[in-house]
Amino acid sequence: MEKYVFGIDIGGTTVKCGLFTVKGELLEKWEIPTRTENNGAAILPDVADTVLKKIQEKGLAKEEIAGIGIGVPGPVNEQGEVPGAVNLHWGYVNLAGDMEKMTGLRVKAGNDANVAALGEMWKGGGAGCQSIVMVTLGTGVGGGIINNGKIVTGAHGAGGEIGHIHVTDDVECNCNCGNHGCLEQVTSATGITYLANRRLKKDDRPSMLRGGEVNAKTVFDAVKAGDELAKEVAEEFGKYLGTALASVACVADPEVFVIGGGVSKAGQIILDYIKKYYAQYAFMTCKQASFALAKLGNDAGIYGAAKMLL
């Protein structure tokens with residue numbers, strides 16, 4: 001009888017690992033370094049090794065283990081193949097197939113943002129829902145779409161890449177993806193800093209942001225303190241993201257948008273600015289979608305990886 005499942009979240013610096021019951025109880029979590037040298041040749045053997053050692057340490061029988069779910073920072077097709085993952089220095093990798101050979105266990109793989117969304121649907125901000133869109137606001141903007149409990153990967157593994165929706169021509173530089181005016185450029189942590197610095201240059205009005213460090217946290221701290229210039233930055237951020245999510249809703253029609261990533265630590269105020277513009281621009285049938293903050297933090301990936309396998 002299957003009792004346990006492993007959830008693995010492979011990042012550019014560390015591999016987060018979790019041992020769960022099949023009901024979703026996290027029994028233990030740990031990390032190992034991600035060895036990206038030699039085109040990441042050691043990554044999968046290291047993951048297989050840590051899983052097999054944990055099985056031995058806990059005295060588990062392989063028949064008790066449902067398998068291993070794995071999230072990776074790159075596109076993954078339905079067969080568990082990765083055409084390339086820049087942060088891991090990978091070219092093509094048959095992730096699921098290779099891991100199954102190394103461990104003798106069933107393996108399922110997915111994109112890390114999509115997998116994190118699945119985790120939030122299972123045990124986090126989207127618990128109780130079957131259709132969610134997760135938005136991660138960090139250095140970039142990531143996204144994951146879950147429709148009727150299933151990850152939407154798309155034909156090329158790029159389903160949910162909402163950070164690269166074109167939202168403006170009013171930015172000076174190109175996005176890291178090579179395009180221009182992506183959502184990521186104006187609503188990520190770096191994007192909010194960009195908007196704030198741009199507004200500070202427009203005039204010399206007094207602001208808490210002048211003379212100190214300008215970043216997403218200081219912007220929203222200033223908003224909470226009533227700083228008018230910071231409020232204008234937050235309005236601009238909210239309009240870009242709220243409008244983009246209104247468009248996403250016309251395609252995905254989620255029950256809830258779950259907002260995570262470092263920027264979301266500002267709390268409810270983030271949701272207030274997004275919802276204001278979402279409500280203004282969303283298609284009437286989609287206006288009832290709710291908004292919630294992510295709850296699992298850095299553990300979303302291991303929860304989602306486990307759920308994906310199950």
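This passage walks through the fold, cores, a pocket and a few individual residues of a predicted model.

Start with the overall build. The protein chain comes to ten helices and ten strands. Its C-alpha atoms fill a box of roughly 65 × 45 × 35 Å along the principal axes. A compact globule of 310 residues would have a radius of gyration near 19 Å, and the 20 Å found for the protein chain agrees with that. Of the 310 residues, 55% count as buried. As for how the chain folds back on itself, take the contacts with a separation of 6 or more: 60% of them come from residues 24 or more positions apart.

Next, the inside. The largest nonpolar core has 47 residues, and Phe-220, Leu-245, Phe-257 and Tyr-278 are those with the most contacts inside it. Both strands and helices feed this core: β6 (132–137), β7 (141–147) and β9 (256–260) each supply at least two residues, and so do α6 (189–202), α7 (216–224), α8 (228–252) and α9 (268–281). The top contributor is α8, which gives 13 residues to this core. Tyr-278 makes a handy way into the neighbourhood. Leaving out residues up to four places away in sequence, Tyr-278 touches Gly-242, Leu-245, Ala-246, Ala-249 and Phe-257, plus Cys-286, Lys-287, Ala-289 and Phe-291. Two of the residues with the most contacts inside the core, Leu-245 and Phe-257, are thus among the partners of Tyr-278. There is also a second, separate core, made of 32 residues, with Ile-8, Ile-43, Leu-60 and Val-107 among them.

On to the second largest pocket, with a volume of about 250 Å³. It is lined by 15 residues, and the closest to its centre are Lys-108, Leu-118, Lys-150, Ile-151 and Met-308. Three elements, β5 (107–111), β8 (150–151) and α10 (300–309), each supply at least two residues of the lining. Of the contributors, β5 gives the most, with four residues. Sorted by class, the lining is a mix of six nonpolar, five polar and four charged residues.

One of those lining elements, α10, deserves a closer look. Nine of its ten residues are buried, so α10 is largely enclosed by the rest of the structure. The buried set runs through Ala-300, Gly-301, Ile-302, Tyr-303, Gly-304, Ala-305 and Ala-306, and then takes in Met-308 and Leu-309. Met-308 also turns up among the residues closest to the centre of the second largest pocket.

A residue that meets this end of the chain is Trp-122, placed in helix α4 (residues 112–123). At 14% relative accessibility, Trp-122 counts as buried, the cut-off being under 20%. Trp-122 and Gly-304 are 182 residues apart along the chain, yet their C-alpha atoms are separated by 7.4 Å. Neighbours within four places aside, Trp-122 is in contact with Tyr-303, Ala-306, Lys-307 and Leu-310, as well as with Val-22, Lys-23, Gly-24 and Ala-127.

Two other buried residues carry polar or charged side chains. Arg-198 is found in helix α6, and with 14% relative accessibility it counts as buried. Beyond four places in sequence, Arg-198 touches Asp-170, Val-171 and Glu-172, along with Glu-236 and Tyr-240. Thr-153 is found in the loop between β8 and α5 (184–187). Its relative accessibility is 16%, so Thr-153 counts as buried too. With residues up to four places away not counted, Thr-153 touches Val-76, Glu-78, Ala-158 and Gly-159.

Finally, a couple of backbone oddities. Asn-148 is not a glycine, but its phi is positive, at about 50 degrees. Asn-148 lies in the loop between β7 and β8 and is exposed, with a relative accessible area of 57%. Asp-253, likewise a residue other than glycine, has a positive phi near 45 degrees. The loop between α8 and β9 holds Asp-253, which counts as partly exposed at 45% relative accessibility.

Technical notes:
Residues are numbered from 1 along each chain as its sequence is written. This is a predicted model: local features need pLDDT of at least 70, side-chain atom pairs count only at pLDDT 80 or more; totals for chains, interfaces and linings use all residues. Side-chain values use heavy atoms; hydrogens and water are left out. A nonpolar core is a set of buried Ala, Val, Leu, Ile, Met, Phe, Trp, Tyr and Cys residues joined through side-chain atoms within 4.5 Å. Buried means under 20% relative accessible area, exposed over 50%, partly exposed in between (1.4 Å probe, protein chains only). Contact means heavy atoms within 4.5 Å. On a 1 Å grid over the protein atoms alone, a cavity is a set of points where a 1.4 Å probe fits but cannot get out, and a pocket is an open set with protein on both sides within 12 Å along at least five of seven lines; lining residues have an atom within 4 Å of a point. Grid points are joined across faces, edges and corners, and a volume is the space filled by probe spheres set on the points. Ala, Val, Leu, Ile, Met, Phe, Trp, Tyr, Cys and Pro count as nonpolar, Asp, Glu, Lys and Arg as charged, and the others, Gly among them, as polar. The radius of gyration is taken over C-alpha atoms; the globule rule is 2.2 Å times the number of residues to the power 0.38.
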